[in-house]
There are 2 protein chains.
Amino acid sequence: MAAFLRQGKKIVAIGRNYADHVKELNNAIPKEPFFFLKPTSSYLPSGGQVLIPRGITAHHEVELGLVIGKPGRDIAPADAHAHIAGYALAVDMTARNLQDEVKRKGLPWSAVKGFDTFTPVSAFVPAAAVRDAQNLALWLKINGALRQSGNTQDMIFAIPRLVAHISSIMTLEEGDLVLTGTPSGIGRIHAGDEIECGLDDPATGKELARLQFG
Amino acid sequence: MAAFLRQGKKIVAIGRNYADHVKELNNAIPKEPFFFLKPTSSYLPSGGQVLIPRGITAHHEVELGLVIGKPGRDIAPADAHAHIAGYALAVDMTARNLQDEVKRKGLPWSAVKGFDTFTPVSAFVPAAAVRDAQNLALWLKINGALRQSGNTQDMIFAIPRLVAHISSIMTLEEGDLVLTGTPSGIGRIHAGDEIECGLDDPATGKELARLQFG
Ligand SMILES: [Mg+2]
Ligand SMILES: [Mg+2]
Ligand SMILES: [Mg+2]
């Protein structure tokens, strides 16, 4: 599934899954997971250039991505990891000013999350290289300054619950990417900024993935 | 692009594009088009069985689908038809009770539109078989009783404008399906109902597509 960028059909992105991020946007802690879809046409491989349309306030949200390796519907939490071929580090770029507007109007989120280049993503990390996906450090720097720094152990809903919830509604297919939510520290990206993100195993200090874009 | 069902990566669905339907749901006439994404895992080929989850009020919305044949970004309205390989008749099934809730809360629409089997779709109709896509009759019957009957000439935003709008945000790719909105008459489908839909050329009386599901 190293080819998920080319072959995957959907990106399912979880919202509000870290308590400190929920607070920074003045939202309520969700009682169950919720998600939105991003188009795979929004992928930006590491090293690329994010395109911020005129009039858009573009925010970064660094997130752990799950790459689905085995299709499934109604996946039990205990079986979730058998469906995950590996991981990727991704940024869920968001047109925050438009999102504020559609939330107020009760309109869909697809456009505000779906612009071309709005899902920068790292290379594939095989599951075998990851000791514990629920204890990974993820961070994001803009022009060298640390802006986001979290750990996947702080998710409100853990990975097995996310996979079970999504697959209770729609079949997860080979190559689909699940974005698992962002820790706090989200903020604006301006044209010309250099963004660098990393996914590390805090137990070993090993870097698992690195993602850079301009 | 007869293989769009298997090969297509996204379904982009326009909301509120027929004035009589906008009124029946007490919404305002939009000033510009808006859309949401449905996953391709929601396709149900004609002859299949729609699965209505427990507790869900499932509504039918019969719609003309545009099958993209040539990829493009920022497509000019005058070029839109060059990107359309053909058409399909589809039903945008909607969990209306959940949609009312997410609209109230400002949450995404992806789940309420994205259940497996929530996009029944006909066979592919090549563009060459269609004289004027902006003058097609579309209808839906439940157990033999006519529930929806509209004409694509009543769209608020015509096909070239829809293709231009979507592609100003995200690249349209080969095999993508654009759903163009539903005329009035939407309503509930119950388990055991037999649904039949048709797409006709009113100028010739010719049937272009037929879609049935249970
Ligand atoms: Mg949405
Ligand atoms: Mg996010
Ligand atoms: Mg619809």
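Here is a walk through two metal sites and the way the two chains that hold them are related. Keep in mind that what you're looking at is a predicted model.

Let's start in chain A, with the magnesium ion called ligand 2. Three residues coordinate this ion: A:Glu61 and A:Glu63 through OE atoms, and A:Asp92 through an OD atom, at 2.0 to 2.1 Å. If you trace these donors along the sequence, you'll find the spacing E-x1-E-x28-D. That spacing brings together distant parts of the chain, with A:Glu61 and A:Asp92 sitting 31 residues apart. To find A:Glu61, look in the loop between strand 4 (58-60) and strand 5 (62-68). For A:Asp92, go to the loop between strand 6 (84-91) and strand 7 (94-95) of chain A. Are these two residues buried or exposed? Both A:Glu61 and A:Asp92 turn out to be buried.

Now hop over to chain B and its magnesium ion, ligand 3. Here the coordinating residues are B:Glu61 (OE), B:Glu63 (OE) and B:Asp92 (OD), again at 2.0 to 2.1 Å. The donors of ligand 3 are spaced E-x1-E-x28-D along the chain. Of this set, B:Glu61 and B:Glu63 are both buried.

So how do the chains themselves line up? Turn chain A by 180°, with 0.0 Å of shift along the rotation axis, and it superposes on chain B with an RMSD of 0.0 Å. The two copies are therefore related as by a two-fold rotation axis. They also use the same surface to meet each other: 100% of the contact residues of chain A recur in chain B.

Conventions:
Residues are numbered from 1 along each chain as its sequence is written. Chains are lettered from A and ligands numbered from 1 in the order in which they are written. This is a predicted model: local features need pLDDT of at least 70, side-chain atom pairs count only at pLDDT 80 or more; totals for chains, interfaces and linings use all residues. Side-chain values use heavy atoms; hydrogens and water are left out. Donors are N, O and S atoms within 2.8 Å of the metal (3.2 Å for Na, K and Ca); water is not among the atoms, so sites may look incomplete. Helices (H or I, at least four residues) and strands (E, at least two) are DSSP runs, numbered from the N terminus. Buried means under 20% relative accessible area, exposed over 50%, partly exposed in between (1.4 Å probe, protein chains only). Copies are superposed by least squares on the C-alpha atoms of residues with pLDDT of at least 70 in both. Contact means heavy atoms within 4.5 Å.
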